[in-house]
Amino acid sequence: MKILLDTCVWGGVRSALEAASHDVIWSGEWDTDPGDEEILSIAYRDGRILITLDKDFGELAIVKGTRHCGIVRLVNLSGRQQGAVCLRVLELYGSELTAGAIVTAELNRVRIRPFSES
């Protein structure tokens, strides 16, 4: 899968995802932070699932109707836990994500908001 990791996600997650053959870009390596709207736009344009800690992306998608290719929001996870949780979420919910779902993932809990055009 194609993934865009938000700056707030621990950079080590990239290695874990790449080891599982995912195509990963980490915005933490960019010279400047273009802001949430542009990050979500880049992810959509490139067909990438966005992984973030920031709940503002869900608001952009749900309230403003900003288009996206799936969003994973990680909640209350240490940097070391983030990689394992991301891999599990992508394995279990990859088809929902590529269909435009928003997944909120904690260590022992996952909530899925399926894509809705309304």
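In this predicted model, strands β1 and β2 (residues 23-26) run parallel and are joined by 4 bridges. Within this pairing, L4 has I25 of β2 as its bridge partner. The connection from β1 to β2 involves helix α1 (residues 12-19), and the three elements make a right-handed β-α-β unit.

β1 also pairs with β3, again in the parallel sense, over 3 bridges. L4 takes part here too, with L50 as its bridge partner in β3.

Helix α2 spans residues 36-45, and I39, L40, I42 and A43 are buried in this helix. Viewed down the axis of α2, these buried residues fall within an arc of 160 degrees, so they line one face of the helix. The spacing fits the geometry of a helix: an α-helix has 3.6 residues a turn, so residues three or four places apart point the same way. The buried residues of α2 pack against two of the strands already described, β1 (2-5) and β3 (49-52). They also pack against helix α3 (56-62) and strand β4 (71-74). Just after α2, G47 adopts a positive phi of about 70 degrees.

Further along the chain, strand β6 (residues 110-113) contains I112. Is this residue buried or exposed? I112 has a relative accessibility of 35% and therefore counts as partly exposed, since the class lies between the limits of 20% and 50%. Leaving aside residues up to four places away in sequence, I112 touches Y93, A101, I102 and V103. I112 and V72 are 40 residues apart in sequence, with a C-alpha to C-alpha distance of 9.3 Å.

Conventions:
Residues numbered from 1 in each chain as written. Predicted model: local features only at pLDDT ≥ 70, side-chain atom pairs only at ≥ 80, totals over all residues. Heavy atoms only, no water. Buried < 20%, exposed > 50% of the residue type's maximum accessible area, 1.4 Å probe, protein only. Arc of directions from axis to C-beta. Contact = heavy atoms within 4.5 Å. Pairing = 2+ DSSP bridges. Right-handed = clockwise from strand over helix to strand, strands pointing away.
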